[in-house]
Amino acid sequence: MARLPFTVIGGFLGAGKTTLLNRLLRGSAGRRFAVLVNDFGAVDIDSRLVTAHGGDTISLANGCICCSIGDSLVLALVRVLEKADRIDHVVVEASGVADPARIAELALIEPMLERDGVLVLADATSVQARAADRHVGDTVQRQLDGADLLILNKADLVDAAQLAQTTAWLQARQAGARVVPAVHAEVAIEALFGLASNGAPAAPTAAASAATPPVRRWSLSTRGLIDRAALLAALAALPASVLRAKGILRLADAPLQRSVLHMVGRRIDMRSDTPWGIAALRSDLVLLGTPDMPADAELDRLFATVPVTPVA
Ligand SMILES: Nc1nc2c(ncn2[C@@H]2O[C@H](COP(=O)(O)OP(=O)(O)OP(=O)(O)O)[C@@H](O)[C@H]2O)c(=O)[nH]1
């Protein structure tokens with residue numbers, strides 16, 4: 001039986017991995033992708049395209065399936081490979097602090113898989129600063145080193161000179177690296193595949209076995225309705241040690257919608273929509289940061305200033 005091509009999408013927190021994955025699922029160009037994601041909540045699937053929704057798998061009308069990784073990537077892969085006759089390509093979204101090249105090595109031990117390539121997204125506004133950061137720099141550099149293709153994303157947020165400088169910086173650190181600039185991860189789908197045959201995968205290095213950096217996590221969950229302005233004010237007051245915030249929220253001014261919050265560095269994006277035709281029934285907010293992120297009690301105090309109206 002032909003082996004299934006296996007692609008890993010990596011890149012630091014907030015670089016645009018889920019944005020790329022959503023594009024693959026929408027514009028699959030006849031390929032039936034099985035995509036494995038950490039978190040269903042972030043995947044933006046049009047409810048009209050869903051043909052079946054089991055606990056850990058969503059099937060789409062275009063033949064793609066989306067599976068949640070849950071506790072074990074290997075077990076999730078085993079579940080997907082049981083459906084091997086119904087899919088053409090397996091794609092894994094690595095977590096923002098994982099080493100995607102190591103995940104791609106799973107294809108070397110699983111005979112049904114063939115390593116197709118490692119796609120790494122780099123945020124044009126912050127990749128150089130993150131690569132130099134004392135807490136996360138090693139992780140970011142390792143991610144970049146393992147890429148077969150670097151997608152220099154968020155090109156809309158920098159000027160042409162910075163884009164050119166960052167492209168040159170990426171190419172200088174990895175001789176011959178292929179770097180494609182992109183906005184909202186818009187890259188021709190065909191450019192993303194068949195990469196392994198064009199270049200040998202980066203050899204595993206001693207650094208590749210280093211542990212991922214300690215990333216602190218703080219979360220809040222409530223069933224009440226959250227005040228939007230006060231929440232945005234609390235987020236704006238966070239220090240730079242908070243690298244990323246994600247939320248699926250029920251806001252007091254949009255109680256019948258699901259509001260999705262993304263904060264990457266200082267940039268905040270909040271959208272209200274109803275992708276699955278249901279409002280969020282509760283709000284979940286997660287902050288990720290370096291070890292010097294404020295203590296839980298301090299974050300509890302900051303977010304206690306945000307009014308929450310109980311739901312009757
Ligand atoms: N302006 C701009 N925003 C972008 C671009 N690509 C992604 N974003 C936004 O950046 C935020 C993070 O994007 P995601 O695709 O969720 O990033 P991610 O890498 O999956 O994030 P993690 O899951 O936290 O690692 C979202 O608000 C996106 O809409 C881009 O090219 N330009």
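Start with the whole protein chain on screen: of its 312 residues, 36% count as buried. Keep in mind as you go that this is a predicted model. Colour the chain by secondary structure and you will find nine helices and 16 strands. Now turn to contacts between residues at least 6 apart in sequence: 74% of them join residues at least 24 apart.

**Stop 1: the two domains**

Select residues 4-209 and give them one colour, then select 216-309 and give them another; these are domain 1 and domain 2 in the domain assignment. The C-alpha centres of the two domains are 26 Å apart.

**Stop 2: the ligand**

Next, centre the view on the ligand. Where does the ligand lie relative to domain 1 and domain 2? Both domain 1 (4-209) and domain 2 (216-309) give residues to the shell around the ligand, so it lies between them. Show K17, T18, T19, G96 and H262 as sticks, since these come nearest among the 21 residues around the ligand. By type, the shell divides into seven nonpolar, nine polar and five charged residues.

Which elements should you highlight here? Helix 1 (17-26) and strand 13 (254-264) each supply at least two residues of the shell. Helix 1 gives the most, with three residues.

**Stop 3: L20 in helix 1**

Stay with helix 1 and pick L20, which is found in that helix. Is L20 buried or exposed? L20 has 25 C-beta neighbours inside 10 Å, so it counts as buried. Leaving out residues up to four places away in sequence, L20 touches I9, L121 and A185. You can also draw a distance from L20 to N153: the C-alpha atoms are 9.9 Å apart in space, while the two residues are 133 residues apart in sequence.

**Stop 4: strand 13 and its partners**

Now go back to strand 13, the other element highlighted at the ligand. On one side of the pairing list is strand 12 (residues 242-251), which runs antiparallel to strand 13 and is joined to it by seven bridges. A hairpin connects strand 12 to strand 13 through two residues. Select I248 and V260 to see a pair across these strands, with I248 opposite V260 in strand 13.

Then add strand 14 (residues 267-273), also antiparallel to strand 13 and joined to it by seven bridges. Here the pair to pick is L261 and M270, which stand opposite each other, with M270 in strand 14. The hairpin of strand 13 and strand 14 has two residues between the strands, and G265 takes a positive phi near 60° in this hairpin.

**Stop 5: helix 6**

Select residues 137-145 for helix 6, where T139, V140, R142, Q143 and L144 are buried. What do these buried residues pack against? Show strand 1 (4-11), helix 3 (100-104), strand 7 (113-123), helix 5 (127-131), strand 8 (149-153) and helix 7 (160-173) to see their packing partners.

**Stop 6: the largest nonpolar core**

Finish with V35, A122 and L150, which touch the most other members of the largest nonpolar core, a set of 74 residues. Strand 7 provides the largest share of this core, six residues. Both domain 1 (4-209) and domain 2 (216-309) give residues to this core, so it lies between them.

For a last close-up, centre on V35. Apart from neighbours within four places in sequence, V35 is in contact with L21, L24, L25, C64, C66, V91 and E93.

Definitions and conventions:
Residues numbered from 1 in each chain as written. Predicted model: local features only at pLDDT ≥ 70, side-chain atom pairs only at ≥ 80, totals over all residues. Domains from an automatic or database assignment. Near = placed C-beta within 6 Å. Helix = DSSP H or I, 4+ residues; strand = E, 2+ residues; numbered from the N terminus. Nonpolar A, V, L, I, M, F, W, Y, C, P; charged D, E, K, R; others polar. Buried ≥ 20, exposed ≤ 12 C-beta atoms within 10 Å, placed from the backbone. Contact = placed C-beta atoms within 7 Å. Pairing = 2+ DSSP bridges. Core = buried A, V, L, I, M, F, W, Y, C linked by C-beta atoms within 7 Å.
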